[in-house]
Amino acid sequence: DAAVLKVLKNKNFVVSVDNFIYGIHCPDYVSVSSAINRAILAAISDLSAMAAKPYCIFISITLNKDNISVKLLKGLKQGISKALKNTKAFLAGGDLCSSSGAVSFSVTVIGEVFRKKLLCRKGAKPNELLCVSGNIGDAKIGLDILLKNKKVTKNLKNNFFIKKFLNPPIRNDFIRMISHKVSSCIDISDGLIFDSFKLASNSDCGLEISSNKIPISLKAKNILKRKILSLTDLITAGDDYELAFSVSEKNLEFIKKVGKTKKVKISVIGKFTKEKNFLLDGKSFSRGYSHF
């Protein structure tokens, strides 16, 4: 999820860059404050996947030259301040320019982690468990609501699903507390199934996932009951930014205890295998968000 710079004796710097484009990564009618807050939190999620503590960020901002205003700049400041407060990082610099194209943010995040606690996508072993934090699919539903309404009203700002989309979860403190018991980790940005299979592939393992164990919020279950969306829609969509990670069964009790302390829901949804098959409910399956 990020590059590791081995420049210190006991610690590593971890660096990641995320590009966020209005109209691609969120509807272009979402406030600039909400958009840049989301962009920063999504970038910080790459550090969480590697159990790195956020240190600082750099932001390169491109604005549309025909729509620059004091209100817009105040919105940028508000969104950046909110994200920095919640992630405990600081703004170290960046760039600001304008063009005739779409508004975009390039967010570079820098974190630090002790080498012995660094997590990667590689490391899972056969018979280890696949765990996931939080619930899956709420952000997908929030994005669908935004796209359907084509605007953000005061009522929609308080919508459960839209808030989930606009405010990716911050799992950094939690994962750093359990990193010494975890063998591999990834943040779920391209879909639960797709990203989980990446852990298995990078670890030279197979993976079996049970759909009935995948955590879905009560509100999302109501959506599924009404057949507005299917479970497949939720588990293959991006934007959850929860963490999927592998642990041995002997460490599961500790993981759940920390989860309870940090108020992070933990679910066991699968098991890694020697056979290099990627299975959902016993059948071959592979779908996720495509960037192209």
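This is a short tour of a predicted model, stop by stop, with something to select at each one.

**Stop 1: the five-stranded sheet**

Start with the open sheet of 5 strands, whose order is S1-S2-S5-S3-S4, with mixed pairing. Colour strand S1 (3–5) and strand S4 (90–99): these two stand at the edges, each with a single partner strand, so one side of each has no neighbour in the sheet. Going from one strand to the next, the twist averages 20°.

Now keep S4 and add strand S3 (residues 53–64). The two pair in the parallel sense over 9 bridges. For a closer look, show isoleucine 57 and its bridge partner in S4, leucine 91. While you are zoomed in, here is a general point to keep in mind: side chains in a regular strand alternate between the two faces of the sheet.

**Stop 2: helix H1**

Select residues 32–48, which form helix H1. How far apart are the end C-alpha atoms of H1? They are 24 Å apart, in agreement with the span that 17 residues should have at 1.5 Å a residue. Switch on a surface and you will find H1 mostly covered, with 16 of its 17 residues buried. Then bring back the strands beneath: H1 lies across strand S2 (11–21), S3 and strand S5 (104–114), and runs at about 35° to S5.

**Stop 3: helix H2 and its contact with H1**

Next, select residues 70–87 for helix H2. This helix lies across S3, S4 and S5, running at about 165° to S3.

Show both helices together. Two numbers describe a packed pair of helices: the angle between the axes and the distance between them. Here H1 and H2 pack at an angle of about 30°, and their axes are 7 Å apart. Their crossing is right-handed. Display some of the side chains that make the contact, including Ile36, Ile40 and Ile44 from H1, and Leu72, Leu76 and Ile80 from H2. Which kinds of residues make up the contact of H1 with H2? They divide into 9 nonpolar, 6 polar and 1 charged.

**Stop 4: strand S10 and its partners**

Finally, move along the chain to strand S10 (residues 266–273), which is mostly covered, with 6 of its 8 residues buried. Add strand S6 (residues 129–133), which pairs with S10 in the antiparallel sense over 5 bridges; here cysteine 131 stands opposite valine 268 of S10. Then add strand S8 (residues 206–209): its pairing with S10 is antiparallel too, over 4 bridges. Look for leucine 207, which stands opposite phenylalanine 272 in S10.

How values were computed:
Residues are numbered from 1 along each chain as its sequence is written. This is a predicted model: local features need pLDDT of at least 70, side-chain atom pairs count only at pLDDT 80 or more; totals for chains, interfaces and linings use all residues. Side-chain values use heavy atoms; hydrogens and water are left out. The expected span of a helix is 1.5 Å times one less than its number of residues. Buried means under 20% relative accessible area, exposed over 50%, partly exposed in between (1.4 Å probe, protein chains only). Two strands pair if DSSP finds at least two bridges between them. Axes are lines fitted to C-alpha atoms, for helices over the stretch in contact, and angles run from 0 to 180 degrees between N-to-C directions. Contact means heavy atoms within 4.5 Å. A crossing is left-handed if the near helix is turned anticlockwise from the far one by less than a right angle, and right-handed if clockwise. Ala, Val, Leu, Ile, Met, Phe, Trp, Tyr, Cys and Pro count as nonpolar, Asp, Glu, Lys and Arg as charged, and the others, Gly among them, as polar.
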